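Trainee: I should like a close look at a single part of this structure, with each term explained as it arises. Please begin with how the helices cross, and then continue to the ligand.

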Amino acid sequence: MAALPKKSNARGSKQEQRDSQDGATTYWLGVALDVPLGEGVFDYRSSKPVPLGARVIVTFGRRKMIGVVTHHFDEPRIDSAQVREVEEALEDIDPLPSDWQRMAQFAARYYQRPLGEVMLPSLPAPLRKVSAYQGKASRGGPVARMKKRRAPVSPAALAPDQIPTLNVEQVGAVEQVVASNSHQTFLLYGVTGSGKTEVYLHSALHYLAAGKQVLFMVPEINLTPQFEQVLRARLMHQGGEDVLAVLHSGLSDGQRLREWLRVSTGQARVLLGTRLSIFTPMPDLGLIIVDEEHDASYKQQDGLRYSARDLAVWRGHDRDIPVMLGSATPSLETWHHAQTHRYACLTLKQRAREVTLPDIRLVDTRRLELQQGFSPQLLEAMEKRLAAKEQVLIFLNRRGYAPALSCTSCGWVSQCPRCTAYTILHRSGPATRHHHLQCHHCGYHARVPEKCPDCGDADLRPMGRGTQRVEEYLGECFPGARIARIDADSTRLKGSAQALFAQVHAGEVDILVGTQMVAKGHDFARLGLVGVLNADATLFAQDFRAPERLFAQLMQVAGRAGRHVAGAQAIVQTDYPEQPVYQALLRHDYTGFARHTLQERESVGLPPFAFQALLTAEAKTIAKALAFLEEAKMLAQSDFPAYLDQGVVLYDPVPLRVVRVAHVERAQLLLESVSRPVLQAFLTAWNPLLGPLASQLRVRCTLEVDPLEI
Ligand code: ADP
Ligand code: ZN
Ligand code: ZN
C-alpha cells in the first residue's frame, strides 16, 4: 500500500523545475480547466515533462486556476506565441490514474460537457483551489496541512451469532458473483428484508481477502448512520479500523479530502459513498455495489447530470470487474437488461428472517367521509396497533401545513409572485398567527394575509394538508401517543435527522409522520402499521415514469413494516384502487408490474426501448425560451438531416409544468432515438451550436442525456 505523500515532495519539485529552465525542450500540454468553453481543454507549455493526470497551476485569462493535464501534444493547437507557461506542476498527490481519466473522458463525451467541467468538480475542493496552494496561509498545500485523522469510534466486536448464516439463495448469489473474474453486471433482485446486504457483505469480503478494493454505493448516508456502523463492525476483521472510508456531501472539505486520499492511495479498502464517490480513484478496485439502484438520488440534477449507477456499470466494464446492482424494485431499464440477459439476475425470493411481508390493503376513499384525510379504517387500525404497543408510520409526501391558503368566498388562492406555483402554508409556532406562506420553488416567504387580498373576506382557510397538519390532527386524535415528524423542515438543523431517527429506534415514538425521508433503508423495530395518504397525487403526472416511481416508493414504504413484527399491515388510501400500480402493490408483484409497464413502454416506444435527451431553456419570457428551442430544432433539421433520417426525433418545444420560477421562464425540447449511438452522434454534432445560439438569444440552456424527469 502506498503511503500518503510527504510534504517535502512539492518543495523538491519546484526546485527541479527552476534548475531545468535553461533546457531547450518545450512540452506542449492539454490542460482541462473548469471553464464552460468548447471541449474544456486548453494549450499550455512546460519546460519540463508533466505526466498525464497531474494537476497544474496555470493562468487562464487573468485568473489562476488548477487544471488536470489530459494531453501531450507534439505541437500546440494554437499559435505557439500565445501558449502560456504552466506556473507550477503540483506533486502533492500522484497523478490521477489513467482509468480515472478514461471515465472522466467518457462522462464528458456521453453527457456532452466540457472535460474540465467533469474532472475538476469531481475532485475534493482543496485539490482544485489555487488559494489552497499559494499565499501565506497555504503552508505547503492542503495535503501537507491535513490534520491527523481521529480514529473512528470502534464498534463493538460482533459475536459470531450476530452474523447470520446465509440461506441457500444468498449463498447462490454470492457464489455467482465471486465466480465471475471479469466484467459482468448482476442484478440482485430481492424483496425488502430478503438479506441483500448480507450478499453484498459476503461478496465484498471475498474481494477484500483477494487484495481488492470495493466501492459500495448507497443513495444516502446522512440518514442511515447505523448502516455505516454495521459495515464497520463487519469489516474490522479484514484489516482493522482503517479499512473503511466514507464519502458524502455532508462532509467538510477537509474530511472529504482525507477520505478521498485514503481511498485513492489504497490505504482504505472499502469506500462507502453516495453518487459522488463514483469519481474516486481506486487503484485496486475489484467490485462495485450499487444498493437501491433504482433510486433517483444516483442522478445528479445540476452541473454534470450523470447517473452514478450507469457510470458504475461503465466503470466495471472498463476495469473488467463485476458490478452488483441491488433492489427490490429495480428501475425498468435495469430490469429490461436482466430480462434480455445483458445483466445476470440473482433472485432472493424470501424474507431472510421468519417474518412475512406486510399485508397490503387498499382503502377505496371514493365514497368515504374522511377526517383530515384519514379513513375510518385507517384510524381504527392505528388505534389497535397503538394499543398493542406497536409503532405506526404515516407516509405523506408533502411537507408543510397545507399546500395552499384559499378564500372561501371568492376562491382566491395564495400564489408566489415570482413563480407559477402556490405558496405553501407552514406552521412555525403553535398558534395560527405563527403561520407563514412559503414557496417551495424559489424560497419566497410571506406573512399570512389577515384578509383576502381580492375580496377582503377574513375567512381564509388551508387547502388540503401536509405533514404538519397531519401531525397536529393526530395529536388531537391520539392524545396519549408520542408523535414525531420527519421531513425536510423538521431535519433542517445538522444532526436533527439522526436525533429523530434515534428516538424512533429507541422506541420513544409511537406515531411517526414523514415524507419520503422515512422510506429509505430504515429498520424500525416495532413498526406494525404503515398508512399511506394521498398516494394518488402522482398517479396522473405527465411524466411517464411516475407510476414506476410510485410503485417503488410504495413498496419501499410498505416494506418498512413487519421487518420484526409479525402480522404487520400497510394501508394505502386511494380513489383509484383499480389502477395497475395498486393492483400490483396489493400482490407485492413487482414482476407483474414490470411486465405490464414494459409492454406499455414498448408499444409506444419509450425508454428503455428508446433513448432520450432533454434540452431545457431558461429566459426572461417563455416566448424567448420557446423561440430558442424552435431555432435549435431548426438548426438540427437544416444542418444535420442525416441524423433525423436515421431516426432521431425532435418533439415540439413545450413550456415546463411550472413555467416560471423566480421570474425565470422555462421550456423544454425532448429528443429521442431508438439507437443510443445515433442519438450520441447527433448530440455531439448539435451541442456545439447550442451555446452560441443561446448567448445570441440571451437564453440559458442545459442539455441532459437520459433525463429521469420529463
Ligand atoms: P434487504 O437489504 O434485502 O432489505 P437486509 O439485508 O437488511 O435486507 O436483511 C434483513 C434482515 O434479515 C436483517 O436484520 C439481517 O440481519 C437479516 N438477515 C439477513 N440474512 C439473514 C440470514 N441468512 N439469516 C437470518 N437473518 C438474516
Ligand atoms: Zn376572497
Ligand atoms: Zn416562488
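Mentor: The crossing of helix 2 and helix 9 is right-handed, that is, the near helix is turned clockwise from the far one by less than a right angle. This is a predicted model, in which local features need pLDDT of at least 70 and side-chain atom pairs pLDDT 80 or more, whereas totals for chains, interfaces and linings use all residues. Residues are numbered from 1 along each chain as written, chains are lettered from A and ligands numbered from 1 in written order, and side-chain values use heavy atoms, without hydrogens and water.

Helix 2 spans residues 98-110 and helix 9 residues 308-319; helices are DSSP runs (H or I, at least four residues) and strands likewise (E, at least two), numbered from the N terminus. Their axes come within 11 Å and cross at roughly 135°, the axes being lines fitted to C-alpha atoms over the stretch in contact, with angles from 0 to 180 degrees between N-to-C directions. The two helices are therefore oblique to each other, a class left once angles under 35 degrees (roughly parallel), over 145 (roughly antiparallel) and 65 to 115 (roughly perpendicular) are set aside.

Turning to ligand 1, 16 residues surround it, and T165, Q170, G193, K196 and R353 come nearest; a residue is near if one of its heavy atoms lies within 4 Å. Helix 6 (residues 196-209) gives the most to this shell, with 3 residues. Three polar contacts (N or O pairs within 3.5 Å) may be described. A nitrogen atom of the ligand lies 2.8 Å from a backbone N or O atom of T165, and a nitrogen atom of ligand 1 is 2.8 Å from a side-chain N or O atom of Q170. At G193, a polar backbone atom is 2.7 Å from an oxygen atom of ligand 1. The protein covers 79% of the 560 Å² of accessible area that ligand 1 has on its own, by the Shrake-Rupley method with a 1.4 Å probe.

How values were computed. A polar contact is a pair of N or O atoms within 3.5 Å; within protein, one must be able to donate a hydrogen and the other to accept it, and residues adjacent in sequence count only if both atoms are side-chain atoms.
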